[in-house]
Amino acid sequence: MKDNLLKNTNFNKEEVNAILSHFETKEYKKKEYLLQAGHVCNQKYFILNGCIRCFVIDYNGKEHNILFGTENYWIGDLQSFIHETEATYNMQALENTTVLTISKEKWNHLLDAYPFFSRYSITLFQNAFIKQQQRIIESFTLTAEQRFQIFTTKFPHLLQRISQKHIASYLGITPEFLSLLRKK
């Protein structure tokens, strides 16, 4: 995370070390939940290693993967974190995963204490919004084959790390249809 902060802000090394002192390291085993819908997301997570999926469950009990996070990626239920409301997302480790966590209280302290952290935070949230907006547009305007091509281009490292079932859910198709697409 130190590299991420230095790369994306004007922090000096002392400030970065002071910021990092507000984080805790936590480990999650494969299939362990970091967050379940209905609970308040009172932590933000920075993934050091491993893979996490965010998903929702529909009215029929079917899971729909919304996003995957891997190394050097921030993840959390932003609405729940900011407004201290029940989370919509479930977050589950797909691999043994190590994260840095920070509470909302500590996050807000960093926003007040370090103006560059405020700018860093705004950039994170803007980027998350843009990615979500792109994903929504792709879901409505592209064919399954086009969505799969974009996925393989943007996330080639995930093809071997995530099960076909989870990739299919992310793309909004069945695992059988994904298998046909992969053969093409």
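**Exercise 1. Pockets of a predicted model**

Task: Work out how the lining of the second largest pocket divides by class in this predicted model, then do the same for the largest pocket.

Solution.
- Start with the second largest pocket: two of its lining residues are nonpolar, three are polar and six are charged.
- Put names to them. The lining consists of Lys30, Lys31, Arg53, Glu63, Gln92, Leu94, Arg161, Ile162, Ser163, Lys165 and His166.
- Sort by class. Leu94 and Ile162 count as nonpolar. Gln92, Ser163 and His166 count as polar.
- Add the space: this pocket holds about 180 Å³.
- Turn to the largest pocket. Its volume is about 1400 Å³.
- Its lining has 22 nonpolar, 14 polar and nine charged residues.
- Locate the centre. Of the 45 lining residues, Leu67, Tyr73, Asn127, Ala128 and Lys131 lie nearest to it.
- Assign the lining to elements. At least two residues each come from α1 (2-8), β5 (63-69), β6 (74-75), α3 (78-83), α5 (115-141), α6 (144-154) and α7 (164-171).
- Pick out the main contributor: α5 gives the most, with 15 residues.

**Exercise 2. The two sides of α4**

Task: Find which residues of helix α4 are buried, and explain why they fall on the same side.

Solution.
- List the buried residues of α4 (residues 104-113): Lys104, Trp107 and Leu110.
- Check the geometry. These residues cover an arc of only 120° around the axis, so they sit on the same side of α4.
- Recall the helical repeat. An α-helix has 3.6 residues a turn, so residues three or four places apart point the same way.
- Look at the other side of α4, where Glu105 and Asp112 are exposed.
- Identify the cover. The buried residues of α4 are covered by elements including α2 (13-20), β3 (43-49), β6, α3, β8 (97-103) and α5.

**Exercise 3. Aromatic pairs**

Task: Count the aromatic pairs, then classify Phe23 with Trp74 and Phe81 with Trp107.

Solution.
- The count is 13 aromatic pairs.
- Take Phe23 and Trp74. Their centres are 6.0 Å apart and their planes are at 55°, a tilted pair.
- Place both partners. Phe23 is in the loop between α2 and β1 (24-28), and Trp74 is in strand β6, 51 residues apart.
- Both Phe23 and Trp74 are buried.
- Take Phe81 and Trp107. The ring centres are 6.2 Å apart and the planes stand at 90°, so this pair is edge-to-face.
- This pair also links distant parts of the chain: Phe81 is in helix α3 and Trp107 in helix α4, 26 residues apart.
- Both Phe81 and Trp107 are buried.
- Extend the network. Ring pairs join Phe23, Phe46, Trp74, Phe81, Trp107, Phe117, Tyr120 and Phe125 into a cluster.

**Exercise 4. Loop residues**

Task: Decide whether Thr70 and Lys31 are buried or exposed, and find the sign of phi for Lys31 and Asn72.

Solution.
- Thr70 is in the loop between β5 and β6.
- Its relative accessibility is 11%, so Thr70 counts as buried; the cut-off is under 20%.
- List its contacts. Apart from neighbours within four places in sequence, Thr70 touches Ile47, Gly50, Cys51, His157, Leu158 and Arg161.
- Lys31 is in the loop between β1 and β2 (33-35).
- Lys31 has 61% relative accessibility, so it counts as exposed; the cut-off is over 50%.
- Now the backbone. Most residues other than glycine have a negative phi.
- Lys31 has a positive phi of about 80° although it is not a glycine.
- Asn72 lies in the loop between β5 and β6. Its phi is positive too, near 65°.

Note on methods:
Residues numbered from 1 in each chain as written. Predicted model: local features only at pLDDT ≥ 70, side-chain atom pairs only at ≥ 80, totals over all residues. Heavy atoms only, no water. 1 Å grid on protein atoms, 1.4 Å probe; cavity = no way out; pocket = protein on both sides within 12 Å on 5 of 7 lines; lining within 4 Å. Points joined across faces, edges and corners; volume = space filled by probe spheres on them. Helix = DSSP H or I, 4+ residues; strand = E, 2+ residues; numbered from the N terminus. Buried < 20%, exposed > 50% of the residue type's maximum accessible area, 1.4 Å probe, protein only. Arc of directions from axis to C-beta. Contact = heavy atoms within 4.5 Å. Phe/Tyr/Trp six-rings, centres within 6.5 Å; stacked < 30°, edge-to-face > 60°.
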